[in-house]
Amino acid sequence: MRKLALLSICISGLLLIYATGDFPSFGDPHSPAAEHLSPHYIEQALEETSVPNIVSAVLADYRGYDTMFETVVVFSAALACFFLLRVHNASPRRRFYRHNLTGVVLHVSGEKKIPEGSVHFERIDSKWTPQTPIVRIVSRLLTPFIQLFGLYVIFHGHQSPGGGFQGGVILGASFLLLALSHDLRFVIGRVGERFLSIFNSAGVLLYSGVGLVCLGLGGNFLDYSALSAIMPVGEVAARSWGILFVEIGVGMTVMASMILIYNNVASEGRWDEGL
Amino acid sequence: MDTVISTFLGKYNYWIYIALMMLGLWAIIAKNNMIKKIIGLNIFQTGIILFYISISAKKNATIPILMHHGGHGGGHEAIHAVNYVNPLPQVLMLTAIVVSVATLGVALALSIRLYQQYKSLEEDEILTQLREEQ
């Protein structure tokens, strides 16, 4: 079986190498991919959308449909993780509470609980190792700056490399950093499941909503120039505003999806303790 | 003969992607462990992403972000497509990278469910358990 696999991989590799003979050489400015549509994007994007970052203009305006459904793919990936893993009435695991002063750990099973806000007892994961305060404090201090940078990447995507996808991932990563340096409950206490799910679907709704508003104003679906009817800007500037709205929607969906996927996968759907 | 060699060596970038893609395909087909298969899928994806990005490259071209707003002295200069790399493959891969992270999450979720069901992530052990059930 392994020999057969090796043979078929060698054959397909050789076929692919043979096929590179017809490919354009590296860095060729007149390769077929650069000949037809992309010169129009490069030369007209600034005039038509007033967005200097052509990647953002193509992503959210010229290829708006594509990006909308990419967003839907990310949304449904989070949904798929939810449906595959989430358990609501699982038999409660043994819970561990650590007495902060003495380091004594209590094992609690069944429904009994120590109140959440207790000063003396802190709930810990079942595979708990003593944590150094440096990691906790530094990552807690860094988190707002990471989130600020994520927002900058989303909102400055018109002028510099960035946009909803990248900024959304950075925003999501800031929460994952908290989940890894503290524990999963620390993050869930701040962004809960209900909030994340609503945020997740609100992003897709915002994207398609902008498209529908354009349709209602007499343009085509996702034709942002129609937005100039309700905004005090010209048709070209309206397209750049439309791109911004859409990127915000993408960022919301991507951020919430990253956190939802991590929480479900790391806690096997129990949302009580993570990695 | 020299021209043949130079045409193939001039396309060394494709060799890298083919090597990466075949490495990933090998892991998908031959490895027994589900996590290793998922890693293989991701290596395959990386090969494809590098392939698209290298297609967008142009010699002596810069990133597809225009210098503009006139304030830089030179006034409005004409934009030539030759001076900027192709933005289209970059757009496609930008979304593909994020989608690949999301699908990686789904793959891991599926393997967690498999492990809960069969207490194993080895393909042959799962297959024997499936045969015994029938």
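# Reading the cores, helices and hairpin of a predicted two-chain model

User: Where do I start with packing: which residues have the most contacts inside the largest nonpolar core?

Analyst: The general idea is that a nonpolar core is a set of buried Ala, Val, Leu, Ile, Met, Phe, Trp, Tyr and Cys residues joined through C-beta atoms within 7 Å. Buried means 20 or more other C-beta atoms within 10 Å of a residue's own, exposed means 12 or fewer, and partly exposed is in between, with C-beta atoms placed from the backbone. Here the largest nonpolar core has 66 residues, and A:Ile54, A:Val58, A:Cys81, A:Val254, A:Ile259 and A:Ile261 have the most contacts inside it. Helix 9 of chain A (residues 235–266) gives the most to this core, 16 residues. Apart from it there is another core of eight residues, including B:Ile18 and B:Leu25.

User: Any caveats on the model and the numbering?

Analyst: It's a predicted model, so local features need pLDDT of at least 70 and side-chain atom pairs count only at pLDDT 80 or more, while totals for chains, interfaces and linings use all residues. Residues are numbered from 1 along each chain as its sequence is written, and chains are lettered from A and ligands numbered from 1 in the order in which they are written.

User: How is a helix delimited, and how many residues of helix 9 of chain A are buried?

Analyst: Helices (H or I, at least four residues) and strands (E, at least two) are DSSP runs, numbered from the N terminus. In helix 9 of chain A, 26 of the 32 residues are buried, so mostly covered is the right reading. From first C-alpha to last, helix 9 reaches 47 Å, close to the 46 Å expected at 1.5 Å a residue; that expected span is 1.5 Å times one less than the number of residues. Just after helix 9, A:Glu268 takes a positive phi of about 50°.

User: What does A:Val254 touch?

Analyst: A contact is a pair of residues whose C-beta atoms, placed from the backbone, lie within 7 Å. Not counting residues up to four places away in sequence, A:Val254 touches B:Val98 in the other chain, and in chain A its partners include A:Val74, A:Phe165 and A:Val169.

User: And the chain interface as a whole?

Analyst: Contacts link 45 residues of chain B with 48 residues of chain A. Helix 4 of chain B gives the most to chain B's side, with 18 residues. By class, that side has 31 nonpolar, ten polar and four charged residues, where Ala, Val, Leu, Ile, Met, Phe, Trp, Tyr, Cys and Pro count as nonpolar, Asp, Glu, Lys and Arg as charged, and the others, Gly among them, as polar.

User: What does the radius of gyration say about chain B?

Analyst: Compare it with the globule rule, 2.2 Å times the number of residues to the power 0.38, taken over C-alpha atoms. A compact globule of 134 residues would come out near 14 Å, but chain B has 23 Å. Its C-alpha trace spans about 75 × 50 × 20 Å along the principal axes, and buried residues make up 25% of the chain. Chain B has five helices and zero strands.

User: Why is B:Met34 called partly exposed?

Analyst: Because 19 other C-beta atoms lie within 10 Å of B:Met34. B:Met34 lies in helix 3 of chain B, and beyond its neighbours within four places it contacts B:Ser111, B:Leu114, B:Leu121 and B:Glu123.

User: How do strands pair in chain A?

Analyst: Two strands pair if DSSP finds at least two bridges between them. Strand 1 (residues 95–99) and strand 2 (residues 105–108) of chain A are antiparallel over four bridges, with A:Arg95 partnering A:Val108.

Notes
Two residues are in contact if their C-beta atoms, placed from the backbone, lie within 7 Å.
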